[in-house]
Amino acid sequence: MANLKEVRNRIASVQSTQQITKAMKMVSAAKLKRATNAIIALRPYATKLKEILGNLSASLEGSSSPFIQEREPNKVLIVTVSSNRGLAGAFNMNVIKAANNLIAEKYSEQLKNGNVSIISIGKKTQDFYEKRKYNVIGNNNEVFSALTFENVTKITDAIMAGFVKGEFDKVEVVYNRFRNAAVQFITTEQLLPLPKAEQAAEQKEEKKTTNVDYILEPSQEEIVEQLIPKSIKIQLYKAVLDSHASEHGARMTSMDKATENAGELLKALKLSYNQARQAAITTELTEIVSGAAALEG
C-alpha cells in the first residue's frame, strides 16, 4: 500500500506540473504575439534607415561624427541581451556562450588588462557576469517592465556618451535574433563605431538605370550627422525587441516540450500504479484463499 500511495502522490505532482506548463505555454504564446508584432513593425523602418545611410555613404567618409571614428580597440564594451527569467531552454545560456566566445577570440588581451566591460539587458546575464567579477556597468533589467524606444534609448545614450568620452573604443551587441517561435539565431553586431555602410550591388545597378536627382534639405552632410545617432539607437532597440520575441518563443517551445514530457511520465506512472495495484490485489486474494484453506484444514 505504501508503494501505491507513493506512486499516487507522484502522479498528482506530475499532473499539477503539467497544468502549470500548459498555462505558462499559453501565457508565452499571448506575449509572443505582441512581441512579434513589435519587431515586425520595426524591421522595415530599421532596414530603410540603413538603406538611406548606405545611399549617403559617400558623406560618411568626410563626416565629423565621433560615432564613425575607428580607434584601436583597447577598451571594449559588450552589450548582452538576455531575459529576467529562466524556463526558456538554452535561450540565456546561448547568449552567455556567444559573449564568452567573442571575448576569448577577439578581446582576450583586453580582458587580461581589465578593459572589457559588460552592459547587461536582462537579469540572467547580469547575474552571471557579476558572480564572475566582470566589470558590469549599471542595471538595466527593469527595461522589460516597459519596453519602449524611450527606455532603451536611455541605455543607448549612456553607451554613446561613454564612446565619445573614450571610455570604450568598440561596442558589440550579443542577442538572439527572432525568426519564429521555434528558431532564434545568436547574433553579434558592432554597435560602435558605426560600421561603414556598403551599398548592395542591386542598388548600384538601380542607380545606373535610373536618372533621378534629389534635392536634399538641409545638406547631405547634416542629414547624415542626424541619421547616425538615430541609426545607433534603432539598432539597439531592434536587438532588444528581437531578443524579447525570441525569449517568448523559446519559453513557449520549452513549456510545450515540458508538457509533452509530463504526459509521457504520466503514462509511465499510471502503468506502474496499475501494476502495483494489481500486485496488491493478487496478494490480498492469495492471503484470503490461504486463510480460508487454513480454516477448512
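1. In this predicted model, Ile 78 stands opposite Glu 172 of strand 4. A second facing pair is Val 79 with Val 173, the latter again in strand 4. Strand 1, residues 76-81, and strand 4 run parallel to each other and are joined by five bridges.

2. Val 173 also has a partner in strand 5, where its bridge is to Glu 189. Strand 4 and strand 5, the latter spanning residues 183-192, are antiparallel, with nine bridges between them. Two residues separate these strands, and the unit they form is a hairpin.

3. Strand 1, strand 4 and strand 5 belong to an open sheet of five strands, ordered 3-2-1-4-5, in which the pairing is mixed. Strand 3 (135-136) and strand 5 are the edge strands, each of them pairing on one side only.

4. Helix 6, residues 149-165, packs on this sheet. The strands it touches are strand 1, strand 2 (116-121), strand 4 and strand 5. Relative to the direction of strand 5, the direction of helix 6 makes an angle of about 40°.

5. How much of strand 4 is covered? Of the eleven residues in strand 4 (170-180), eight are buried, so the strand is mostly covered by the cut-off of under 20% relative accessible area.

6. Asn 176 is a strand 4 residue. Is Asn 176 buried or exposed? Its relative accessibility is 3%, and Asn 176 therefore counts as buried, because the limit for that class is under 20%.

7. The surroundings of Asn 176 can be listed, leaving aside neighbours within four places in sequence. Asn 176 is in contact with Gln 184, Phe 185 and Ile 186, and strand 5 covers residues 183-192. The other contacts of Asn 176 are Phe 91, Val 95, Asp 242, Ser 243 and Ser 246. For the last three, note that helix 8 is assigned to residues 220-296.

8. Helix 8 also contains Ile 288. At 57% relative accessibility, Ile 288 counts as exposed, because the class begins over 50%. Which residues make up the nonpolar surface patch with Ile 288? The patch consists of Ile 281, Leu 285 and Ile 288, and together they have about 280 Å² of accessible area.

9. Two residues may be set side by side for checking in the model. Asn 176, in strand 4, is buried at 3%, whereas Ile 288, in helix 8, is exposed at 57%.

Technical notes: Residues are numbered from 1 along each chain as its sequence is written. This is a predicted model: local features need pLDDT of at least 70, side-chain atom pairs count only at pLDDT 80 or more; totals for chains, interfaces and linings use all residues. Side-chain values use heavy atoms; hydrogens and water are left out. Buried means under 20% relative accessible area, exposed over 50%, partly exposed in between (1.4 Å probe, protein chains only). Helices (H or I, at least four residues) and strands (E, at least two) are DSSP runs, numbered from the N terminus. Two strands pair if DSSP finds at least two bridges between them. Contact means heavy atoms within 4.5 Å. Axes are lines fitted to C-alpha atoms, for helices over the stretch in contact, and angles run from 0 to 180 degrees between N-to-C directions. Patches are made of residues with over 30% relative accessible area and no salt bridge: like charges are joined within 9 Å, nonpolar side chains (Val, Leu, Ile, Met, Phe, Trp, Tyr) within 5 Å. Accessible areas come from the Shrake-Rupley method with a 1.4 Å probe; for residues, only the protein chains shown count as cover. A salt bridge is a side-chain nitrogen of Lys or Arg within 4 Å of a carboxyl oxygen of Asp or Glu.
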